[in-house]
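This report looks at selected helix contacts and at a few individual residues. Please keep the sequence and the structure at hand while reading.

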Amino acid sequence: MTDDSGNLYEDELNRSLLTEGEYTDEPINLTNCEKEPIHIPGLIQPHGVLLAAAGDDDRTIVQCSRNTELLLGLPAEELLGRPLASVIGNELLDRIEHYIAKPAGTDKLHYMDATLDVPGGQTELFAISHVSENMLIVEFEAPSPETPPLINDFEWVQTFFTRIKRTHSRAGASQVAAELVKDILGYDRVMIYEFDAEWNGKVIAEAKNNDLESFLGHHYPASDIPRQARELYLRNWVRTIVDMDYTPVPILPVLQPLTGKPLNLSLSVLRSVSPIHLEYMKNMGVGATMTISLIHGGELWGLITCHHNSPRYVPHRLRNLCNFLGSFFSSELHQRQLLDDYQGELHHKSMAQRLSRIFGAPGTSEQLKDKLDAAEDDLLSILNASGAAVQYHGRLFLFGITPAPADIVKLANWLSRQADDYVFSTNRLPSLYPPAASFKDKASGAGFLSLSSDYRDHIVWFRPEVLQTVTWAGDPAKAVIRSDDGYRLSPRKSFEQWKQVVKDSSLPWEPKEIHALADLKSIALKQTEDDLRLAEEKSIMYARMLKENESRYLHLMEYSPVAFMTLTGGKIVFANLEAAIMLDASDSADVVGKELADWVAPASEAALKEVLGRVLTAATQLTSIRLRLKPSADTPRELEMTLAHVVYGGKPSIMAVARKVHADERQDELFTEVTQQLSHYLHTDSLTELPSRRAFEERLVREWELYANGGQKTISVIMLDLDHFRAYNTMFGYQGADNCLRWVAESLEAVGQTEGAVIARYGGATFALSLAIDPTAQGRDDVVKLAERLRRTVVSLQIPHSHQDGGDYLTASVGVAFHAQPGLEQPEALIVQAEKAIAIAKAEGKNRVAVLSSGHA
């Protein structure tokens, strides 16, 4: 007597019983197809018999298959209630109990040869035992006469290993495995069947008799192998159906006497299969099958499926051999996949490093373009793309086959909103971004990588539409048929090829390509460092402008007849003589560096603290407050102060003008005048004398609140940015750049006045205006015409500026944004859209007008 249960790969199998899930005893239909309780059918296949014994001392037989007389010589009714040893003998039962008693022994199948004493003499059987819900299940099969193998099992296994190892690809290994399994088992057809992420199956390798139709490349819908069937494939490497025309043998009694439940046959080798599956296979002309599970890491990824046109019984010696080969093949293909992935990852990392060096090197945009031209193969092949677009420092470079520049810029705006941690990819772009339907022949797939933290610089890779013809084994929609009692799930009645064309998609992005995107994020991190340096340069320039503005205003305030002071962190950092006198000091030096609160009466300290915090937070408007000062010569004093948030010395600060309450009429007039000067200072750009960014944003908020929900007017924003102004600044220096901005500002202001619009300097070389317009097509057309007039105005100045894009004069790109969604509450959305419109205009070649609507892609 031998035991063959020592499978080296046993740990791969899930030996737990299938109990979880919702199951039904109602007829299987379209709504409950995955609820068929195939693990508790109450039936077995007729080529063996089954005994189920309780966990008592006698191992009393409480259930058995009706056909026990076939192999054991006694009818089922005579076996029920007897001790198991009286039927199978003490020696076999002791061996079974020995293996069950081992650690994890109840979770395994135990195989052994057995010689039983039965009526009429001894018989040689093969026994398989396991534990199911505290029931000991013993199944017996009669050994079939075997012809001696042409080679022994060791030689065959050695051949299998050797031929698999000699293959150079996963596909080649699969084909060899199919051929070798067919050779040893003698089935008419052997297929390697692989699941996709949605549990649809595909035949990836096939070995068959010459007279059979090929199923290679055929797809099968997930409904062919429902969830509970896949769970059972995880519990046994090998499953056989000896004869598709078999008559199932019932288990008696139907329910366990001890639990009142059907016997759980999750691990049974004789378990009867679903009637639907039998019908399915018969429709294929199959007479017998054997299925070998392909499992790795506890997950079912495929099957080796064997078909025979007539009944076929495979001896257990060969089944155990296939058990071992299936586990080896699963591991081998997994290793092949890992090796392929590893080699691919190395290749992609090498390309990513070369591209990162290109983007990280210093140089102009044109020099970058030259380097990318030379590295175009790497740029495209790193994501196996047919085209790519690089947006970098205001320039758009195209490589390979791409959509039009305007389409790319709009798409990139959308992709940037989908990106997570700088990256995004899809192979079904038209279904996610409908405008892509117009260029799906060039971009049905898109991979996005931001090169900067603000997502302005980026790379977009494109893949064209691939009209994938999927060959299904019969129309998957016809898996559901209508009968007299309604709709039901049924095996397809025809297995002729049925082709489904998958449109609007590209080839999917492979994991190694997605990983390459992650590797390229180093460009974004490097660019972020560069952006910080550029921001620092801009900050220095802005600080210079502020300092000039501060000096001019403070010089004015120093001799003002109205008290004026500047506070930073609550301390006085500047005060004119009038402010010092108001605080009972003889000179400004006596108050600078001290807290304003030192002069405030206790009753006003809380109010002062509150208003200082509020002014620093609001940062958009003048705020007034009355404060009581500490008495002077026992005389109570009360001040009125007007405060505003400013940046002074590079720090958030507050400027304030003050007067005594109940001052004379002349003092009131002076106070009003100085307050107006402070407001003008806050809302005027010192260089151009145009309204400042603060003035523009405050005006936009006012217009928004006035018109956003009224329906009478809609809001529009125009933003104009001088092209190549950074190069102009480098060429002519700060003084030359400042003069240029003044010339442009004066001309734009003149145009705005003729149209009743106010031009503001938004920052750097960017100008802006907001308008309340009629919500009609004509109203929008008028805004676009104004934008075009502003653009032409810059060109008409003929400010000399030769640059790499061609042209001899300074030009401007203009973005127009309309308020498209009345319910949108943030006016900042219009500014964002106008800036994006500028980006589109620059990407299309600069010196033009582009239009977007807030709330629209």
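## Helix 20 against helix 21

In this predicted model, helix 20, which spans residues 725–754, and helix 21, which spans residues 777–796, have axes that come within 10 Å and cross at roughly 150 degrees. Because that angle falls over 145 degrees, helix 20 is roughly antiparallel to helix 21. The crossing in which helix 20 passes helix 21 is right-handed.

On the side of helix 20, the contact is made by Val744, Ser747, Leu748, Val751 and Thr754, while helix 21 contributes Leu786, Arg789, Leu790, Thr793 and Val794. Sorted by character, the residues of this contact between helix 20 and helix 21 comprise six that are nonpolar, three that are polar and one that is charged.

## Arg742 within helix 20

Arg742 is also part of helix 20. With a relative accessible area of 30%, Arg742 is partly exposed, since that class lies between the buried limit of 20% and the exposed limit of 50%.

When residues up to four places away in sequence are not counted, Arg742 touches Leu687 and Gln735. The side chain of Arg742 is furthermore joined to the side chain of Asn739 by a polar contact of 3.0 Å. Although Arg742 and Thr688 are 54 residues apart along the chain, a separation of 5.2 Å is found between their C-alpha atoms.

## Helix 12 against helix 22

A second helix pair is formed by helix 12, covering residues 405–418, and helix 22, covering residues 828–843, whose axes come within 9 Å and cross at roughly 145 degrees. Here, too, the crossing is right-handed, with helix 12 passing helix 22.

In this contact, Pro405, Val409, Lys410, Asn413 and Arg417 of helix 12 meet Lys836, Ala839, Ile840 and Ala843 of helix 22. The residues in the contact of helix 12 with helix 22 divide into five nonpolar, one polar and three charged.

## Two buried residues: Ile304 and His47

Ile304 belongs to strand 13, which covers residues 299–308. A relative accessible area of 2% makes Ile304 buried, because the class takes in values under 20%. Apart from neighbours within four places in sequence, the residues in contact with Ile304 are Val181, Val190, Met191, Ile192, Met290, Thr291, Ile292, Leu294 and Phe329. One of these contacts, Leu294, is 10 residues away from Ile304 along the chain, and the C-alpha atoms of the two are separated by 7.1 Å.

His47, by comparison, is located in a loop, namely the one between strand 1 (43–44) and strand 2 (48–53). His47 also counts as buried, at 16% relative accessibility. Setting aside its neighbours within four places in sequence, His47 has contacts with Glu141, Ala142, Val242, Leu270 and Tyr313.

## The chain as a whole

The elements discussed above belong to a chain with 22 helices and 32 strands. The chain has 857 residues, of which 51% count as buried. If one considers the contacts in the chain between residues at least 6 apart in sequence, 64% of them join residues at least 24 apart.

Terms used. Residues numbered from 1 in each chain as written. Predicted model: local features only at pLDDT ≥ 70, side-chain atom pairs only at ≥ 80, totals over all residues. Heavy atoms only, no water. Axes fitted to C-alpha atoms, helices over the stretch in contact; angles between N-to-C directions. Helix = DSSP H or I, 4+ residues; strand = E, 2+ residues; numbered from the N terminus. Parallel < 35°, antiparallel > 145°, perpendicular 65-115°, else oblique. Left-handed = near helix turned anticlockwise from the far one by under 90°. Contact = heavy atoms within 4.5 Å. Nonpolar A, V, L, I, M, F, W, Y, C, P; charged D, E, K, R; others polar. Buried < 20%, exposed > 50% of the residue type's maximum accessible area, 1.4 Å probe, protein only. Polar contact = N/O pair within 3.5 Å; in protein donor to acceptor, adjacent residues only side chain to side chain.
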